[in-house]
There are 2 protein chains.
Amino acid sequence: MMLDMAPLYIGFLIYPGVVQLDVMGAYQVLAFPPDTEMHLIGKTVDPITSNEGVTLLPSITYTDCPPLDVLCVPGGGMGQVEVMRDIETLKFLQRQGAKARYVTSVCTGSLILAAAGLLDEYQATCHWAFREQLACFGVDVVSERVVIDRDRITGAGVTSGIDLGLTLLQLLYDKATAKMAQLMMEYNPQPPFQAGSPEQAGETLTAQLLEAGKPLVDAFQLQVQKIATSV
Amino acid sequence: MMLDMAPLYIGFLIYPGVVQLDVMGAYQVLAFPPDTEMHLIGKTVDPITSNEGVTLLPSITYTDCPPLDVLCVPGGGMGQVEVMRDIETLKFLQRQGAKARYVTSVCTGSLILAAAGLLDEYQATCHWAFREQLACFGVDVVSERVVIDRDRITGAGVTSGIDLGLTLLQLLYDKATAKMAQLMMEYNPQPPFQAGSPEQAGETLTAQLLEAGKPLVDAFQLQVQKIATSV
């Protein structure tokens, strides 16, 4: 691989309540080539606890982060609600997003990108349960696993990060590199059930999950409305 | 769900050089029920840097860890070589493994379990490139994505952790809970390429990856031989 070249800088935003697998799926794929320099970007270097209780140390802060080739914004639980209106975070994303080769997201991370104005006039996707909220930003929402629209690449829910990472690897390098990463990770998925989408899971299970997740969806909806009316 | 019951204690061993997605795939799935208490277990509480450069904070140490319902051992890069002969780690695994409801692994984590004697007389699997080394421990190696043999559940390479997590969730709870976790994570994988196994990737790509990974496989082989002859 291109060892003589400058590294590719790849950075993932992290914040309290981030969904860790939104980060880690794509991170694992993109760390495969020896010349990617990977970063977890925090507002400060203080430890950050994910939505599931995993505590991560940022490798760099908003202030110290070099210009990124790839910016990736993961989704979160309740912690994301605050992030969508955090001026310092939105300004950081705007600054990086203006120059990055690819501005990307996993799960509800696209709602943060949209809140920063980075999806205006773009097609994008997000977790199946939050597509209405993404549409509130005026984004052209597409119900696909990975959506590529020029320099914006967005993924569906949580596990789509792996598919998004492989898609990005092909764009940044080539198909052979992406396939080699897939082989290294033995990404030959064999889900024991067919329940990864509302269509597959069926109406009853989907309704049950939406009921359990209602406080989160409502909190997102309220925040998205506030952002929309404050513009 | 069973909110009146004691939590299920689920712990992942972490160590310098651990492959982070070996942990995070299964972790994300198993953190879904509200009554699982999740732990990242370190030898000390000092930060641990993964094979890819992610820095994690252990939530608990070998000494403080409660008796686990599920013990999960992830694989690693060069850092794993030392772990396979680390007496303190092997004793911790033996102590927990003797009482856990399920003793599990992802990727080359099964080689650590085998080094601790926890796979004697069991069928198990691991990452496709290390099955010969697993067999050196006398393990009955099975080339499947998730292998269940009584209370031992082992997964193939890196991304198998998600499939293993869902399999475990069904055993610990029921099929509906596992399917709901799958829906929440939108685990409806759509790999952009078909290269997740040597068979799919083809001989050329597989040979290239094995060549690049030779120093790692050789280091594992040497260590496994030392362990085998020291018994």
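**A walk through the two-chain model**

B:Leu172 belongs to helix α6 of chain B, which covers residues 160-172; helices are DSSP runs (H or I) of at least four residues and strands are E runs of at least two, numbered from the N terminus. This is a predicted model, in which local features need pLDDT of at least 70 and side-chain atom pairs count only at pLDDT 80 or more, while totals for chains, interfaces and linings use all residues. Residues are numbered from 1 along each chain as its sequence is written, chains are lettered from A and ligands numbered from 1 in the order in which they are written, and side-chain values use heavy atoms, with hydrogens and water left out.

B:Leu172 counts as buried because its relative accessibility is 8%; buried means under 20% relative accessible area, exposed over 50%, and partly exposed in between, for a 1.4 Å probe and protein chains only. Leaving aside residues up to four places away in sequence, B:Leu172 touches B:Leu8, B:Ile10, B:Leu30, B:Val70, B:Arg101 and B:Tyr102, where contact means heavy atoms within 4.5 Å. One of these, B:Leu30, is 142 residues away along the chain, yet the two C-alpha atoms are separated by 9.7 Å.

B:Leu172 also appears among the residues that touch the most other members of the largest nonpolar core, which has 169 residues. A nonpolar core is a set of buried Ala, Val, Leu, Ile, Met, Phe, Trp, Tyr and Cys residues joined through side-chain atoms within 4.5 Å. A:Leu172 is on that list too, as are A:Phe12 and B:Phe12.

Chain B can be laid on chain A by a turn of 180° and a shift of 0.0 Å along the axis, with an RMSD of 0.0 Å; the superposition is by least squares on the C-alpha atoms of residues with pLDDT of at least 70 in both copies. The two copies are thus related as by a two-fold rotation axis. In chain B, the C-alpha nearest the axis is that of B:Leu56, at 2.4 Å.

B:Glu52 sits in the loop between β3 (48-49) and β4 (55-57) of chain B. B:Glu52 is buried and has no salt bridge, that is, no side-chain nitrogen of Lys or Arg within 4 Å of a carboxyl oxygen of Asp or Glu. The nearest side chain of opposite charge, B:Arg145, is 15 Å away; Lys and Arg count as positive, Asp and Glu as negative, and His and the chain ends are not counted.
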